[in-house]
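Reader: I'm just starting to read protein structures, and I'd love a close look at one part. Could you walk me through the nonpolar core and then show me what lies around it?

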Amino acid sequence: MAQHPDYNFPNVPGPEVRAHLNSIFEAAVTNNSGDTEPPSPRPFMWWADTTNGLMKIRNAANSAWVTIGALDVPNFGLATRGANTFTGVQNYNGNTLSRAVLRDYGEKVNALGDVSGTVAISTADGNVVTATVAGDVSFSFGTTWPAGIASSLTLKLTNGGAHEITWPAGAKWPGGEKPALAPAGVDMIVTMTTDGGATWLGCQATPRAEAQFPEVLDVAETSFAADSNSHSVAMPAAVTAGQLLLACVTLEGTQPFGGHIPTITTPAGWTRLWYASLGNGTTARFAGYAKIADGTEAGATVNFVTDDDANGAAQVHRVDKWSGALAGVQVSSVAVGGSAAPNSPSLTATWGKGRTLWFSFIGTADDDAAVTAYPADYEGGVNTLSGASINDGGAVASARRAQEVATENPGAATLNAVDAWGAVTVAIRPR
């Protein structure tokens with residue numbers, strides 16, 4: 001290690017000149033090596049910084065040292081024009097790599113694990129994303145690249161069809177159809193943006209899962225012939241957690257005409273879907289409820305309590321292969337009337353065209369007013385009577401239709417006699 005104070009020497013006798021020259025030459029041939037910087041730096045002067053193990057050069061302004069590389073590695077650790085093996089992260093800082101042939105390359109994977117709720121995905125964390133959809137999830141996509149640069153995200157999703165997925169507003173799909181993912185399995189989604197993430201053009205790389213219509217597995221019926229304020233409605237004998245329980249109840253007060261219309265208390269854990277009086281001078285209440293089953297309901301009863309004695313009937317439909325969220329159960333307005341043709345109103349599902357299961361539910365105020373014909377093309381008709389006397393008790397009727405449309409208008413059913421009635425249309429979203 002050698003440094004010279006200022007690369008100058010005074011006017012001294014010959015032997016001292018030689019000593020100064022030797023000192024200058026030693027500093028020059030060792031690149032001014034030392035644990036501190038040379039005392040009188042010059043523009044473009046070299047310094048072998050032995051404290052930090054770095055080769056440095058003085059900048060043109062003679063104001064700072066510029067690090068060239070490490071002292072103890074070949075070529076100061078810098079890449080050569082020939083073949084190189086890189087052992088660290090290389091950051092091109094957004095600059096262009098031109099005319100490069102890539103072979104045996106990998107991509108950074110952003111492994112998210114189980115996801116639900118709101119999940120933000122960015123190319124900054126990796127262009128390939130893996131995730132298992134463990135609940136309803138809302139994705140957002142982001143990129144570090146500006147408009148004019150193509151940036152992509154590839155998603156490997158497991159069980160994507162088991163829950164509701166909300167895609168970014170800027171995501172665009174072929175034909176406007178969102179991916180149809182497998183409820184149990186792996187799907188690949190490929191997306192790309194060229195406008196800084198405002199729009200993502202996406203496609204499903206795996207075959208689209210064949211969407212299924214929601215399926216009614218069974219219907220539990222309960223009749224209440226005697227007047228009471230306690231109404232234990234039977235649940236289906238077999239219930240699996242996650243299935244939909246859809247209840248329709250008609251209860252009529254003790255005075256069929258002109259009396260008190262009973263108020264129904266919504267049981268714990270249930271969500272009321274509709275609630276109406278059948279009017280026309282009757283005291284009948286027509287209501288619907290839904291619950292996502294937890295599995296404990298199998299073979300049990302649920303008490304629909306009224307504020308006064310009433311009799312009537314109830315049905316509970318057990319539905320499988322549905323979206324799994326109560327937002328996927330939508331109900332029309334309640335139509336009421338007095339005739340032999342109860343008519344469920346038109347309903348447009350907010351999720352658009354899909355393999356939707358449609359119900360027509362009808363409640364009547366007279367136990368002897370039975371349904372003799374259901375809306376056209378509706379099947380699985382069930383008519384549950386209270387068993388009370390004529391002009392007393394309520395009844396419930398239902399039928400369903402699997403139809404791949406966004407809007408459904410069931411049309412009228414037929415009663416065997418004129419009666420006060422209420423009717424609704426219910427849409428069940430597929431998963």
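**A look at the nonpolar core**

Author: In the largest nonpolar core, which has 22 residues, the members that touch the most other members are Val 319, Phe 359, Phe 361, Val 426 and Ile 428. Several strands feed into this core: S13 (244-257), S15 (282-292), S17 (310-320), S22 and S29 (419-428) each supply at least two of its residues. The largest share comes from S29, which gives four residues. Please keep in mind that this is a predicted model. A general point helps here: in soluble globular proteins, nonpolar side chains tend to be buried together.

Let's zoom in on Val 426. Leaving aside neighbours within four places in sequence, Val 426 is in contact with Leu 246, Trp 274, Leu 347, Leu 357, Trp 358, Phe 359 and Phe 361, and also with Val 329, Gln 330 and Val 331. Two of the names in that list, Phe 359 and Phe 361, belong with Val 426 among the core members that touch the most others.

Now follow one of those contacts outward, to Val 331. This residue is found in strand S18 (residues 329-331). Is Val 331 buried, partly exposed or exposed? Val 331 counts as partly exposed because its relative accessible area is 23%, and the partly exposed range runs between 20% and 50%. Not counting residues up to four places away in sequence, Val 331 touches Val 424, Thr 425 and Val 426, together with Leu 273, Trp 274 and Leu 347. For a sense of scale, the C-alpha atoms of Val 331 and Met 192 are separated by 38 Å, with the two residues 139 apart along the chain.

Strand S22 (354-364) also leads us to another feature. Along with strand S7 (165-166), S22 supplies at least two residues to the lining of the second largest pocket. That pocket has a volume of about 1000 Å³. Its lining is made up of 29 residues, and the closest to the pocket centre are Lys 178, Pro 179, Ala 180, Arg 208 and Ala 211. By type, the lining divides into ten nonpolar, eight polar and eleven charged residues.

You can set this beside the largest pocket, whose volume is about 1200 Å³. There, 27 residues form the lining, with Gln 90, Tyr 92, Leu 97, Leu 102 and Gly 106 lying nearest the centre. This lining divides into eleven nonpolar, 13 polar and three charged residues.

Technical notes: Residues are numbered from 1 along each chain as its sequence is written. This is a predicted model: local features need pLDDT of at least 70, side-chain atom pairs count only at pLDDT 80 or more; totals for chains, interfaces and linings use all residues. Side-chain values use heavy atoms; hydrogens and water are left out. On a 1 Å grid over the protein atoms alone, a cavity is a set of points where a 1.4 Å probe fits but cannot get out, and a pocket is an open set with protein on both sides within 12 Å along at least five of seven lines; lining residues have an atom within 4 Å of a point. Grid points are joined across faces, edges and corners, and a volume is the space filled by probe spheres set on the points. Ala, Val, Leu, Ile, Met, Phe, Trp, Tyr, Cys and Pro count as nonpolar, Asp, Glu, Lys and Arg as charged, and the others, Gly among them, as polar. A nonpolar core is a set of buried Ala, Val, Leu, Ile, Met, Phe, Trp, Tyr and Cys residues joined through side-chain atoms within 4.5 Å. Buried means under 20% relative accessible area, exposed over 50%, partly exposed in between (1.4 Å probe, protein chains only). Contact means heavy atoms within 4.5 Å.
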